[in-house]
Amino acid sequence: MVGETVAERYELEELVGAGGMSSVYKAHDTLLERNVALKILHEHFTGDDEFVERFRREARSVAQLSHPNIVTVIDRGQDGEGRQFIVFEYIEGENLKELVVRKGRLPVRQALELSLEIAHGLSFAHEHGLVHRDVKPQNVLLNGDGRAKVTDFGIARSLDVEGVTQTGTVLGTSNYIAPEQASGQPVDARTDVYSLGVVLYELLAGDVPFPGESFVAVAMKHVNEPPPSLLDVRRDVPLRVAGAVDRALEKSPGQRFGSMAEFAAELEACRREVDGAQEEAWTTIVPPARDGGRRRRRRISPWAVGLALLGLLALGAVIVGLVGLRGRGHEQRGASTPAAPIRLEGVGSYDPPPGDGAEHNASVGKATDGDPLTYWDTEHYDSFSKQGVGLVLAARRPVEPTQVTVSSTTPGFTAEIKAGDTSVGPFPRVVSASQQVGSTTRFSLHMTRPARYFVLWITALPDNYARVTELHAG
């Protein structure tokens, strides 16, 4: 079908995936001039009313899920030839399985970060009554920033599956299937907890816990065999992380984490523990163990301590003297020591629903590159009816800037500065007044606590677009 146009709008450019019931294409939306992913039900199923209705119903359900870690459903329809299709946002990047195949075992911190993002997306879906039932690395896409986005909610469980019972009950992909799902028992959110536990195991170990040659053989291992110990496969995994994997892989749903939100909370705690251990490794010197595995801190001579203190006192005196001389010099010149500059870099755009999630992402860095001849701009709108679009800015650490200066060659648009905890939003804290932007406009910021991520939030466009040539903080 490559080269064909679906619904007189979507030009199919490349086949990117295929299953038993449908195929996925990279397509170009000729109306909105953007790339999308188009999932098309195979032609021989279009005459089956049950499959078509399920396809439509599940598309409607998934379309309600708007979350940074879930691939967005944009549209659903039927073209003039009767082909059923669903339109998704197109993610330019590899899937998680491809990453594992390419890199093998991931660093513990990265594996936890990716699993946590998946857990957040699945938890949001569970809150809205949807259980994925086919959680696997192939259904996790990685965008340009490496952020995980879960796809194939609901669709995968009824259409693109590797195994079904004789009565048509979908089992899911056997390498990641929960015991109750493999044995035809009722499934719930804890089924996804098990599958995500398998995914995390694979990210850390480089392989699934139950490899096998056939669907049935692998499924029966999930039902009957205890999973291998992660610590036997990889010794540098912290005990708490291994314990979280073990609990997620319990055969009985009642012994797993009670919800995906609970699993996510434990993954977050594991990540903090790993971060703390890494920080301690940089600040604490521990000699190699030489006494049967026990580690002892090196004893330091009191004379060495005394000499070190004397050296520090002498160094302090020198620094105080230099500061004093510098201070008097500044007083004589009427100058003051300038504060360290705050560097904000353009890292993305913010275009929440009903927006398409992106606003010229490729040029966001041009707004903070120091070159007034380069720029980032919004899309061109015939009428601007959405709540706003934004340029996302990031600092290398949490900061408290007092002002942001914006230069533009399209004066007249209205904007404000907001702060948030992630680069993908939301940005709940308004830290400046809303004002009309001229050729050069200074926003005074009122910060109650430091933040690392900010957004120049544009709420009104008198022209059909806005352009930012330079932005810097102070």
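Two strands count as paired here if DSSP finds at least two bridges between them. With that in hand, welcome to this predicted model.

**A pair of strands late in the chain**

Strand β12 (residues 403-407) and β16 are paired in the antiparallel sense, with five bridges between them. One example to look for is T405, whose bridge partner in β16 is R442. Strand β16 itself spans residues 440-444 and has two faces. T441 and F443 make up its covered face, while T440, R442 and S444 make up the uncovered one. R442, the partner of T405, therefore belongs to the uncovered face of β16.

**The six-stranded sheet**

Now move to an open sheet of six strands, which follow one another in the order β1-β2-β3-β4-β6-β5 with antiparallel pairing. At its edges lie β1 (5-6) and β5 (73-78), each of which pairs on one side only. Strand β2 (residues 10-18) runs antiparallel to β3, and seven bridges join the two. Within this pairing, Y10 has D29 of β3 as its bridge partner. Helix α1 (residues 49-62) packs on the sheet, where it touches β4 (34-41), β5 and β6 (84-89). The direction of α1 makes about 20 degrees with that of β6.

As background, the strands of a sheet pair through backbone hydrogen bonds, in either a parallel or an antiparallel way.

**K26, a residue of the sheet**

Strand β3 covers residues 22-29, and K26 lies in it. Is K26 buried or exposed? K26 counts as buried because its relative accessibility is 15%, and the cut-off for buried is under 20%. Leaving aside neighbours within four places in sequence, K26 is in contact with E11, L12, E13, E14, V16, N35, V36, Y90 and E92. K26 and F88 are 62 residues apart along the chain, and their C-alpha atoms are separated by 9.7 Å.

**E180 and its surroundings**

Helix α5 (residues 179-182) is the place to find E180. This residue counts as buried, with a relative accessibility of 7%. Which residue's side chain is joined to that of E180 by a polar contact of 2.8 Å? The partner is R256. Not counting residues up to four places away in sequence, E180 touches Q185, P186, V187, R190, T191, K251, P253 and R256.

**Backbone details in the loops**

A few spots in the backbone are also worth a visit. The peptide bond from P353 to P354 is cis, and its omega is near 10 degrees. P354 has its place in the loop between β9 (345-350) and β10 (376-377).

Two other residues, E8 and R133, can be set side by side:

| Residue | Phi | Loop | Relative accessible area |
|---|---|---|---|
| E8 | about 55 degrees | between β1 and β2 | 78% |
| R133 | about 75 degrees | between α3 (108-127) and β7 (140-142) | 31% |

E8 has a positive phi although it is not a glycine, and R133 likewise has a positive phi without being a glycine. E8 is exposed because its relative accessible area is 78%, where the cut-off for exposed is over 50%. R133, at 31%, is partly exposed. The loop that holds E8 lies between β1 and β2, so a reader can reach E8 by following the chain from the edge strand β1.

Terms used: Residues numbered from 1 in each chain as written. Predicted model: local features only at pLDDT ≥ 70, side-chain atom pairs only at ≥ 80, totals over all residues. Heavy atoms only, no water. Helix = DSSP H or I, 4+ residues; strand = E, 2+ residues; numbered from the N terminus. Buried < 20%, exposed > 50% of the residue type's maximum accessible area, 1.4 Å probe, protein only. Contact = heavy atoms within 4.5 Å. Polar contact = N/O pair within 3.5 Å; in protein donor to acceptor, adjacent residues only side chain to side chain. Axes fitted to C-alpha atoms, helices over the stretch in contact; angles between N-to-C directions.
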